[in-house]
Amino acid sequence: MEYLSLEAVSKSYGEKVLFDKISLTISQGDKIALIARNGSGKSTLLRVIAGIDSPEGERAKILLNKNIRTSFLDQDPHFDDNKTVGEIIMDVDTPSLQAYKDYNHALASEDPALIEKAMGLMDDLKAWDAEARSEEILYRLHLRDMDQKVGTMSGGQKKRLSLAMIILSEPDFLILDEPTNHLDVEMIEWLETYLSSNSLTLLMVTHDRYFLERVCTQIIELDKGVLFPFTGNYSDYLEKKSLRTQQDSVSLDKAKKLLSKELDWIRRQPKARGTKAKSRVGGYHKLNEKISSITYDEVFEIEVDSVRLGKKILEFNDVHKAYGDKVILDEFWYKFQKGERVGISGSNGTGKTTFVKMLVGELKPDKGKRIQGETVQFGYYTQDGLNIEEDKRVIDVIRDIAEYIPLKKGHKMSAGALLENFMFSREHQQVYVSQLSGGEKKRLHLLTVLIRNPNFLILDEPTNDLDLLTLNVLESYLRQFAGCLVIISHDRYFMDKLVDHMFIFKGEGEVEDFLGNYSQWKDQAKANKYSEKETSKPKVEKSKQVKVEEKRKLTYQEKKEMQKLESKIEKLTKRKKEIEALFLEGLEDNQKISDLSKELGDINTEVDSSEMRWLELSELT
């Protein structure tokens, strides 16, 4: 079944053409990622498809199937600030949630006829677990205060609330703009599983490469206003893109040589030309246009000459930090060594950003000592973004900090050259900051940190809103960086490529120091969890260095959730047996067989996830 069809769709802002007469078809079951450089029009294309922005072009057509439910996740969602989280969620317009609301109204009315009618509808729509499902999704996205006013929420919380609403709306077709932004790794892995295991149709913009690898079945690249489709996931895309790049580089080399000859010829000709000469002039311009259309992405290599680090770099001795009852660090000891590459991970709210602010000295410990070496020069990229005048040109933003960055062997790289290496062309360097896209502003902010040539670099969520090419360039730069590197990121792929050591923030002051990257830690954590289940309770040796987490009791809400899960599992198991009995009787209606098979698959998925959550809660009893 065809869900979406685009024909001859164009969009431009002033003289800048974002896409030109593009066509696209999306069918049921497709999981497509749209990738492009920052400022190329990815978000604009999604907004055009979603009907928020209008397309351009006399023949432009956007045909969206009216018989399906479509949901759009914008980068900047808007809500009524006076409403609570619970009110927003109950406003989601789905048959099951509406039936659940009608059932509660019927109960409140105490009208037997209304109650009977509402119960019948609940049975028909299988809506008895609607509330439990809502609570589970909110729990997964760390939205647990149903009475919180939306006006008091952060931008990240609003983005997660919007994502929760979209999932609860039970869409057939999801259009997602950077769904992993503002999610911690645990949430991303849950969302990854949800999107890949469901029969949803997806069109999304994301820079998360593990997400692209594990969820997507097709990648479409928007390059200079044209769409280039690549069948398969991220690794398939890389392989096919590499082949295309090799072909383009050969074509580019030949075209450049031919262009040089044609350019030499055209300059030597008199002003009055015959028909043959005019045809060659036309050929020259066509060739020039062809060369301009060829994309040949190269990751640069530079050796930055950072200020040498001394023997003493940075030490934390018996550091304690808390905000009221919320403990961030407790008896934390660490001594940074030369060339350390540390990744920081953990759930939102466990204190990761507070920790890096303590690293650079913006925050002081409540107890203990922070000792910094004299040669340390920090470079700190924050989540807050670039705070500069909007009417400044890009090149002036960088030159106001430094004219060049020193390289090894006495060489220098100018501010303009550094900007070029990070995909700001000489022409683009003259653009005002106000004209940049969100991703381009983040890229510029990053360069304001790098141009200072630090020897201790701290990056707090540097990958948000950056395109894949910028990420590759940044990774290339960081692999050559000789100083200390500390990264907070939810981008598992980025972390795996760059760090060899992890601080895992677990909350309540507990920080696990793990030698290895994120995926290695995750594998180790899974192995440990499996081992604990397979063996009896281990003996715990007392140690001043190890804290044994006290087993907490279930909260009232968790007990309520556990009861609902038990009821849900019982109902699902009963329905599963009914379907299996129908299959044993022998069905002849092919459509009914197909519908029951799909329902059985959904039941098995629901039972597995419900039992897993029940087991998690049962371990606390």
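A salt bridge, the term we'll lean on most here, is a side-chain nitrogen of Lys or Arg within 4 Å of a carboxyl oxygen of Asp or Glu. Side chains of opposite charge can pair when their charged atoms come close. Before we look at any, a word on what you have in front of you: this is a predicted model, where local features need pLDDT of at least 70 and side-chain atom pairs count only at pLDDT 80 or more, while totals for chains, interfaces and linings use all residues. Residues are numbered from 1 along each chain as its sequence is written, and side-chain values use heavy atoms, with hydrogens and water left out.

Let's begin with the pair E192 and R214, whose closest N and O atoms are 3.4 Å apart in their salt bridge. E192 lies in helix α7 (residues 185-197) and R214 in helix α8 (residues 209-215), so the pair ties together parts that are 22 residues apart in sequence. Helices here are DSSP runs of H or I with at least four residues, strands are runs of E with at least two, and both are numbered from the N terminus. How covered are the two partners? We call a residue buried under 20% relative accessible area, exposed over 50%, and partly exposed in between (1.4 Å probe, protein chains only). By that rule E192 is buried, at 8%, and R214 is partly exposed, at 45%. The story doesn't stop with two residues, either: salt bridges that share partners join E192, D208, R214 and R492 into one network.

The whole structure holds 24 salt bridges, so let's pick out a couple of others. R47 pairs with D74, and their closest N and O atoms are 2.6 Å apart. This one links distant parts of the chain, since R47 is in helix α1 and D74 is in the loop between β5 (70-73) and α2 (85-90), 27 residues apart. R47 is partly exposed, with a relative accessible area of 24%, whereas D74 counts as buried at 18%. Then there's D91 with K83, where the closest N and O atoms are 2.6 Å apart. D91 is partly exposed at 44%, and K83 is partly exposed too, at 29%.

Stay with helix α1 for a moment. It covers residues 42-49 and is mostly covered up, with six of its eight residues buried. Which ones are buried? They are K42, T44, L45, L46, V48 and I49. Just after α1, G51 takes a positive phi of about 85°.

That brings us to backbone angles. Most residues other than glycine have a negative phi, and most peptide bonds are trans. Two residues to look at here are E110 and K224. E110 has a positive phi of about 60° although it is not a glycine, and it is found in the loop between α3 (95-109) and α4 (112-125). K224 also isn't a glycine, yet has a positive phi of about 55°; its place is the loop between β8 (218-223) and β9 (226-231). E110 is exposed, with a relative accessible area of 64%, and K224 is exposed as well, at 55%.

Now for the inside. In soluble globular proteins, nonpolar side chains tend to be buried together. A nonpolar core is a set of buried Ala, Val, Leu, Ile, Met, Phe, Trp, Tyr and Cys residues joined through side-chain atoms within 4.5 Å. The largest one has 100 residues, and those with the most contacts inside it are L141, L191, L195, F422, L444 and L478. A second, separate core of 26 residues includes F316, L329, F336 and F355.

Charged residues can be covered too, as K11 and E561 show. K11 is found in strand β1 (residues 2-13) and is buried, with a relative accessible area of 10%. Its C-alpha is 8.5 Å from that of G41, though K11 and G41 are 30 residues apart in sequence. E561 is found in helix α18 (residues 556-585) and is buried at 12%. Where does the fold bring E561 across a long stretch of sequence? The C-alpha atoms of E561 and E136 are separated by 8.6 Å, with their positions 425 residues apart along the chain.
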